[in-house]
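Good morning, and thank you for making time for this structure. I should like to take you through the model region by region, and I ask that you keep the display in view as I speak.

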Amino acid sequence: MSALHHDTNATVPGHNPDSTHFHCLIIGSGPAGYTAAIYAARAGLNPVMYTGMQPGGQLMITNDVENFPGYPNGINGPAMMADLQAQAERFGTDVRNGMVTKVDFSGWPHKIWVDEKKQFTADAVIISTGASAKWLGLPSEQRLNGLGVSACAVCDGFFYRNQKVIVVGGGDTAAEEASYLANICEHVTVLVRGDKMRASLFMQKRLKNLPNVTILWNTETVEVLGDEGVSGVRVRNRITSEETDLEATGFFVAIGHKPNTEVFADYIPLNEAGYIDTIKGSTYTNVPGVFACGDAQDMVYRQAVTAAGTGCMAALDAERWLTVKLTEVAELAETAATA
Ligand SMILES: Cc1cc2nc3c(=O)[nH]c(=O)nc-3n(C[C@H](O)[C@H](O)[C@H](O)COP(=O)(O)OP(=O)(O)OC[C@H]3O[C@@H](n4cnc5c(N)ncnc54)[C@H](O)[C@@H]3O)c2cc1C
């Protein structure tokens, strides 16, 4: 099947639900996916989106988004994602529930399996599968998530200005989060499991020079304390086994993120942390017609607005790529017909 088999029965808004071929498939329904959908739908690409295991993406688990431009009073995460979905659907995006469980990008059009059984083909694929923060796995951490427990200093640090916070982790993420928080908070305590940090020497040096940062070595979290919100953290020294309660109103888990990219690993190069490698300055991957945006390809910024920005880029890249590809296909068909 080729692009020429594009679903001509599709009506906008909405698509033929029986079609097994999509002009543009968007995988993932966070800010990147919905922004790509808005642009792709308005460009006439009739996008179909599969929402995955977390429809709406990471912002579905946060109450206050205060840094997305255009909301002077902030907005509730699920409300913002409902707005993005409504905007994408208004232009004809077909939003469907389902997980992409397998792909075959070895030929064209691309093959995609949803929920292990339904097989589709697509002329262009936009990957916006995001990333998930890693957590310690403590019940108290889960109970107080969003009530003082966070995995994003840039997102939530402002709520703890002039307060005492704790950061857990010893890598670059932890060093960056702690440095960021040190500018806003009264005091930052960093809990490091071992006797050294894995963060770059430059980051470590910067952190150690900050007057309001204390690093506790060989220290692990036993429990996050508090009922309605975080009031402190019980820690254990891994050498002496001594337990201490530290006072804090914010607990930032900075032990890394896991991009949701495994399903593409056989076809698309991932970096050492599992993020999709895109061609610099674009959303192109190494596979023609497959584009990646949002946190799935961004281990540096990881914000809703940057995800949305690259979602826009992916739709524009896809539209331009499809125009060239479909012209080539049409020319080949014409040559074959006249031969
Ligand atoms: C608690 C919390 C609070 C945050 N607060 C803020 C904030 O205030 N401001 C801010 O800018 N950023 C914030 N962030 C970060 C922000 O949420 C992310 O940067 C942003 O959501 C990334 O968007 P994305 O579209 O790339 O991916 P995500 O939002 O991660 O969405 C990924 C989507 O892909 C889907 N998916 C994954 N795998 C598959 C698959 N195989 N098949 C189909 N679908 C799949 C998922 O179901 C999901 O819909 C916060 C993050 C968290 C966790």
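Lys 117 is exposed, because just 8 other C-beta atoms lie within 10 Å, where 12 or fewer is the limit for that class. Its place is the loop between β5 and β6, the latter being residues 118–127. Please bear in mind throughout that this is a predicted model.

From Lys 117, one can look across to Leu 207. These two residues are 90 positions apart along the chain, and their C-alpha atoms are separated by 50 Å. For the overall frame, the C-alpha atoms of the protein fill a box of roughly 80 × 35 × 35 Å along the principal axes.

The protein is divided into two domains: domain 1 takes in 3–132 + 257–338, and domain 2 covers 135–253. Their C-alpha centres lie 35 Å apart. In secondary structure, the protein comes to seven helices and 17 strands. Of the 339 residues, 42% are buried. As for the contacts with a separation of 6 or more, 62% are made by residues 24 or more positions apart.

Let me turn to the helix pairs. Two packed helices are described by the angle between their axes and the distance between the axes.

The pair I take up here is α1, residues 31–42, and α7, residues 304–338; they pack at an angle of about 35°, with their axes 7 Å apart. The crossing of α1 past α7 is right-handed. On the α1 side, the contact is made by Pro 31, Ala 32, Gly 33, Thr 35, Ala 36, Tyr 39 and Ala 40. The α7 side includes Ala 304, Ala 307, Ala 308, Gly 311, Cys 312, Ala 315 and Leu 316, and also Glu 319. By class, the residues of this contact divide into 13 nonpolar, four polar and one charged.

Now to α5 and α6. Their packing angle is about 30°, and their axes are 10 Å apart. This crossing is left-handed. From α5, Asp 172, Ala 175, Glu 176, Ala 178 and Ser 179 meet Met 203, Gln 204, Arg 206 and Leu 207 of α6. Leu 207, then, which I named earlier in relation to Lys 117, takes part in this contact. Here the residues divide into four nonpolar, two polar and three charged.

How many of the 11 residues of α5 are buried? The figure is nine, and the helix, residues 172–182, is mostly covered. The buried residues of α5 are Thr 173, Ala 174, Ala 175, Glu 176, Glu 177, Ala 178, Ser 179, Leu 181 and Ala 182. What covers them includes the helices α4 (153–156) and α6 (201–208). The cover also includes the strands β9 (164–168), β10 (187–191), β11 (213–216) and β15 (250–253).

Next, the ligand. Which of the 41 residues around the ligand come nearest? They are Gly 30, Gly 52, Gly 57, Gly 130 and Gly 294. The elements that give two or more residues to this shell are α1, β7 (131–133) and α7. The helices α1 and α7 thus appear in the shell as well as packing against each other. The shell draws at least three residues from each of domain 1 and domain 2. Its classes are 22 nonpolar, 17 polar and two charged residues.

I finish with some details of the backbone. A cis peptide bond joins Trp 108 and Pro 109, with omega at about 0°. Pro 109 lies in the loop between β4 (100–104) and β5 (110–114).

Two asparagines deserve a look. Asn 46 has a positive phi of about 45° although it is not a glycine, and it is found in the loop between α1 and β2 (47–50). Asn 218 likewise has a positive phi, of about 50°, without being a glycine; its loop runs between β11 and β12 (219–225).

Is each of them buried or partly exposed? Asn 46 counts as buried because it has 23 C-beta neighbours inside 10 Å, and the threshold is 20 or more. Asn 218 is partly exposed, since 14 other C-beta atoms lie within 10 Å.

Terms used
Residues are numbered from 1 along each chain as its sequence is written. This is a predicted model: local features need pLDDT of at least 70, side-chain atom pairs count only at pLDDT 80 or more; totals for chains, interfaces and linings use all residues. Domain bounds come from an automatic or database domain assignment. Axes are lines fitted to C-alpha atoms, for helices over the stretch in contact, and angles run from 0 to 180 degrees between N-to-C directions. Helices (H or I, at least four residues) and strands (E, at least two) are DSSP runs, numbered from the N terminus. A crossing is left-handed if the near helix is turned anticlockwise from the far one by less than a right angle, and right-handed if clockwise. Two residues are in contact if their C-beta atoms, placed from the backbone, lie within 7 Å. Ala, Val, Leu, Ile, Met, Phe, Trp, Tyr, Cys and Pro count as nonpolar, Asp, Glu, Lys and Arg as charged, and the others, Gly among them, as polar. A residue is near a molecule or strand if its C-beta atom, placed from the backbone, lies within 6 Å of it.
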